[in-house]
Amino acid sequence: LRPWVGGLTSARMPTSRLAALQPHTSQPSRLVRSSRKCRRLRCQGSSCSDLESFLRTSKCAAGQLRVEALREETMEGAGNLLCRAFAGTPEGRPIKIVMDGLEIALTEFAKEHKGTRGGVFLVGILADTQQVVGTAAISFFDATREELAPEPPQDSAYLSNVAVLDKLRGKGIGKVMVRAAEEAVVHFSDRRKLYLHVRDNNQEAVGMYLSEGYMEIETYAPLPRWISNRPAMVLMAKSL
């Protein structure tokens with residue numbers, strides 16, 4: 001599994017890329033088969049009942065939001081949201097790779113290490129429309145996350161794939177997803193500190209994380225800004 005950077009992202013893409021990036025159109029039978037396979041794998045561990053019962057509801061400016069673990073019925077919506085959210089960024093991926101990544105995430109997150117599952121992938125569903133409007137992933141081991149500098153401590157809780165539907169930006173969905181992720185860390189593991197990476201030019205995300213109690217730990221840029229326009233990566237963390 002190689003999750004995307006944890007910084008808050010909105011599902012907005014340049015107009016020039018709209019034609020190249022289409023919604024997921026694979027046949028339902030293929031998606032259902034893959035998802036059912038992942039669901040079987042997910043339920044082999046002792047934490048299956050906990051995973052399926054994990055549910056958080058919160059009211060925000062967008063309406064009533066339900067946060068739960070990724071399921072067969074929400075997989076396509078989550079894939080489309082992630083694909084659009086990271087389009088035009090270094091983490092952008094074609095829809096097929098995104099969907100494959102979700103399937104891998106479910107498989108790897110289902111495996112238990114020392115009594116703790118590999119991770120949890122959460123989706124936020126708006127009650128009025130039943131649409132997936134937010135995502136967040138938490139991994140508990142180095143093997144289930146991307147290697148990024150500066151590195152968090154070994155096998156720490158790590159947040160990634162935080163994304164929000166573009167038309168619902170600024171309505172508190174990102175905060176709801178992050179808070180639910182924090183509760184999932186406490187619920188599914190013994191970790192009590194949550195780490196994430198965010199690019200330093202994503203001031204919206206940096207500001208949101210600071211307001212939620214995250215602290216900047218370290219900043220890493222492979223090249224000086226005057227040589228490369230690539231933003232630096234900031235490692236942030238919060239004690240739970």
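# Briefing: salt bridges, strand β6 and the core

R169 is partly exposed, because its relative accessible area of 28% falls between the 20% and 50% limits. The model described here is predicted. The protein has 6 helices and 11 strands. Of its 240 residues, 52% count as buried. Among contacts between residues at least 6 apart in sequence, 71% join residues at least 24 apart.

**Salt bridges**

- The count of salt bridges comes to 11.
- R169 and E204 meet through their side chains in one of them, at 2.2 Å from N to O. This pair connects distant parts of the chain, 35 residues apart. R169 sits in the loop between β8 (157–164) and α5 (173–188), while E204 belongs to helix α6 (residues 203–211).
- E204, like R169, is partly exposed: its relative accessibility is 40%, and R169 has 28%.
- E182 pairs with K238, with 3.3 Å between the closest N and O atoms. Here too distant parts of the chain are linked: E182 is in helix α5 and K238 in strand β11 (residues 233–239), 56 residues apart.
- Both E182 and K238 are buried.
- D190 forms a salt bridge with R191, and their closest N and O atoms are 3.1 Å apart.
- Are D190 and R191 buried or exposed? D190 is exposed, because its relative accessible area of 58% is over the 50% limit. R191 is buried, because its 14% is under 20%.
- A network also occurs: R66, E68, R71 and E73 are joined into one by salt bridges that share partners.

**Strand β6 and its partners**

- Strand β6 covers residues 119–126, and 8 of its 8 residues are buried, so the strand is largely enclosed by the rest of the structure.
- In a regular strand, side chains alternate between the two faces of the sheet.
- In β6, G119, F121, V123 and I125 point one way. V120, L122, G124 and L126 point the other way. Residues of both sets are buried.
- Strand β3 (residues 63–69) pairs with β6 over 5 bridges, in the antiparallel sense. Within this pairing, V67 stands opposite G124.
- Strand β7 (residues 131–139) also runs antiparallel to β6, and 8 bridges join the two. G124 has G134 of β7 as its bridge partner.
- G124 therefore has a partner in β7, namely G134, and stands opposite V67 as well.
- β6 and β7 make a hairpin with 4 residues between them. In the turn, Q130 has a positive phi of about 60°.

**T135 in strand β7**

- T135 is found in strand β7.
- T135 is buried, with a relative accessible area of 0%.
- A polar atom of the T135 side chain lies 2.8 Å from the backbone oxygen of N161.
- Beyond its neighbours within four places in sequence, T135 is in contact with F121, L122 and V123, among others. Its contacts also include A78, L81, L82, N161, V162, A163 and M177.

**Nonpolar cores**

- In soluble globular proteins, nonpolar side chains tend to be buried together.
- The largest nonpolar core has 61 residues. Which of them touch the most other members? They are L122, I138, L159, I173 and Y209. Helix α5 supplies the largest share of this core, 9 residues.
- I138 touches F109, G118, G119, V120 and L122, among others, when residues up to four places away in sequence are left out. Its contacts also include Y158, L159, A181, A184, V185 and L194.
- Another core, of 5 residues, lies apart from the largest one. Y158, Y195, L235 and A237 are among its members.

**Helix α4**

- Helix α4 spans residues 95–110, which makes 16 residues.
- From first C-alpha to last, α4 reaches 23 Å, close to the 22 Å expected at 1.5 Å a residue.
- Which residues of α4 are buried? They include I95, V98, M99, G101 and L102. E103, A105, L106, F109 and A110 are buried as well.
- F109 of α4 is also one of the residues that I138 touches.

Methods:
Residues are numbered from 1 along each chain as its sequence is written. This is a predicted model: local features need pLDDT of at least 70, side-chain atom pairs count only at pLDDT 80 or more; totals for chains, interfaces and linings use all residues. Side-chain values use heavy atoms; hydrogens and water are left out. The expected span of a helix is 1.5 Å times one less than its number of residues. Buried means under 20% relative accessible area, exposed over 50%, partly exposed in between (1.4 Å probe, protein chains only). Two strands pair if DSSP finds at least two bridges between them. A salt bridge is a side-chain nitrogen of Lys or Arg within 4 Å of a carboxyl oxygen of Asp or Glu. A polar contact is a pair of N or O atoms within 3.5 Å; within protein, one must be able to donate a hydrogen and the other to accept it, and residues adjacent in sequence count only if both atoms are side-chain atoms. Contact means heavy atoms within 4.5 Å. A nonpolar core is a set of buried Ala, Val, Leu, Ile, Met, Phe, Trp, Tyr and Cys residues joined through side-chain atoms within 4.5 Å.
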